[in-house]
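Visitor: I am new to this structure and would like to be walked through it. Could we begin with a term that will be needed later?

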Amino acid sequence: MAKSPNLLLCLSVLIFIITESALAQKCSNYKFSTNRLFESCNDLSILDSFLHYTYDSSSGNLQIAYRHTKLTSGKWVAWAVNPTSTGMVGAQAIVAYPQSDGTVKAYTSPISSYQTSLPEAELSFNVSELSATYQNNEMIIYATLNLPLASNGIINTVWQDGSLSGNNPLPHPTSGNNVRSVSTLNLVSGASGSTSTGGGGGASKLRKRNIHGILNGVSWGIMMPIGAIIARYLKVSKSADPAWFYLHVFCQSSAYIIGVAGWATGLKLGSESAGIQFTFHRAVGIALFCLATIQVFAMFLRPKPEHKYRVYWNIYHHTVGYTVIILAVVNVFKGLDILSPEKQWRNAYTAIIVVLGIVAAVLEAFTWYVVIKRVKAEESAKTGQRVGNDGRSLYV
C-alpha cells in the first residue's frame, strides 16, 4: 500500500509533462521574444508550422508572423497567398533562409510555374515590414501584406520548405506533406480548411489519390501474386485440374480490369497536376499496363499442351508474369512513399506480401516433395512393368 502514493505521484508528474508538451505545441500559447502580439493564430496541420496574424478588414492590411519549427540546417521556408487559385502556381510568396554568413535573408517571390528557383521579385500586392529570424531551429517570418478587399477576408494559403545549395533555394519535395501544405483561411472568423493535395482540385484530389492507391495496391500488388500462386501450386494436384486454370484466369483477369481502372485514375491525376512529376512511378505503371495487356492477349495465342511451340510460350508467359508481379510490388511501395499515408497502411501491405511470400515458399517446398515423390513412383511402376514383361517372355 505504501507504493500507491508514489505511483500516484509519478502518474501525476507524467500527466503534467504530457499536458505541458501538448500545450507547448499550440500557437495560442506562444510568446514572441520581441513581445509582438497578434489577434489570431492557426496551428497549420503539417510541416510543423504556425501562422499568427492580425487583420484589418477596413484597409485589407494583414500583419503576419509565420513560424516554421523543427527546421534543420540548410533549409528555406516560405509562406504565400494565392489570389487566383488554391495551389502553387500564382502564389505570392515570402521566402526566408539562413545564409552562409549567419544572417537571415527574407524576400518576396511570385510563383509563375512549378519549375521555380524562387527568384526575388515584387508581388501583386504591397508587402512591408518584412523581416525574419532564425533561432533554435525555428524560422519566423514577419510581414505586413496589403491584400485586395475583394477577397472578403478569405485567402488561399500555401507554405513550404526545401533544401539550399549554398544560398540558392532548391525545389521542394513533390510528395508527402510537401504537396498537402495548402489551405484556405477566413481572416475574419479564423476558420481554415484543406483545399488540395498538390495544386488544385480540393478534397477530390486527395480522394482520387486514395482511390488510385487502393485500386492498384489490391489489383497489381495483391491479386496478381495470388493468381500466380494459384497457377503455380494448385495445378500440381491432379484433382484440381482444370479448376486451377479457371481460378487463375479469373483472378488475373479481375486484377487486370481493376488495375487498368487504377492506372487510368493515375493518368487523370497526372494531367491535373502539371509540374508535379513522379517519373519512376509513372514509368513503371506504364510498363505494367503494357506487359499485362500483352499477357492478356497472349492467352488467345496459347498453343495446345502437345504443340511443339508450347514450351516457348510457357517460358514467355512465366517470364512476363513474374516480371509484372515484381514491378507491381515495387511500384506499390513507391506509391506509398508518394502518398505518405499513416504508417499502418505500409505495415499492412508489407505484412500481406510477407505472408504471401511465406505461403509461396511453403507451397514450393511441398510441390517439389510431391513432384519428386510422383516421379519416383512412376519410375518404380515402369521398372515393375518392365520386369513383369521380361518374366512373361520366358514362358512364351
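Guide: A crossing is left-handed if the near helix is turned anticlockwise from the far one by less than a right angle, and right-handed if clockwise. This is a predicted model, in which local features need pLDDT of at least 70 and side-chain atom pairs count only at pLDDT 80 or more, while totals for chains, interfaces and linings use all residues. Residues are numbered from 1 along each chain as its sequence is written, and side-chain values use heavy atoms, leaving out hydrogens and water.

Visitor: In which handedness does H4 pass H5?

Guide: Helices here are DSSP runs (H or I, at least four residues) and strands likewise (E, at least two), numbered from the N terminus. The axes, lines fitted to C-alpha atoms over the stretch in contact, with angles from 0 to 180 degrees between N-to-C directions, come within 9 Å for helix H4 (residues 279–298) and helix H5 (residues 310–339) and cross at roughly 150°. Because angles over 145 degrees count as roughly antiparallel, H4 is roughly antiparallel to H5. The crossing in which H4 passes H5 is left-handed.

Visitor: Which element gives the largest share of the largest nonpolar core?

Guide: Such a core is a set of buried (under 20% relative accessible area, 1.4 Å probe, protein chains only) Ala, Val, Leu, Ile, Met, Phe, Trp, Tyr and Cys residues joined through side-chain atoms within 4.5 Å. The largest one has 27 residues, and those with the most contacts inside it include Tyr 66 and Trp 79. Among the elements giving two or more residues are strand S3 (61–68) and strand S8 (138–146). The largest share, four residues, comes from S8.

Notes:
Buried means under 20% relative accessible area, exposed over 50%, partly exposed in between (1.4 Å probe, protein chains only). Angles under 35 degrees count as roughly parallel, over 145 as roughly antiparallel, 65 to 115 as roughly perpendicular and the rest as oblique.
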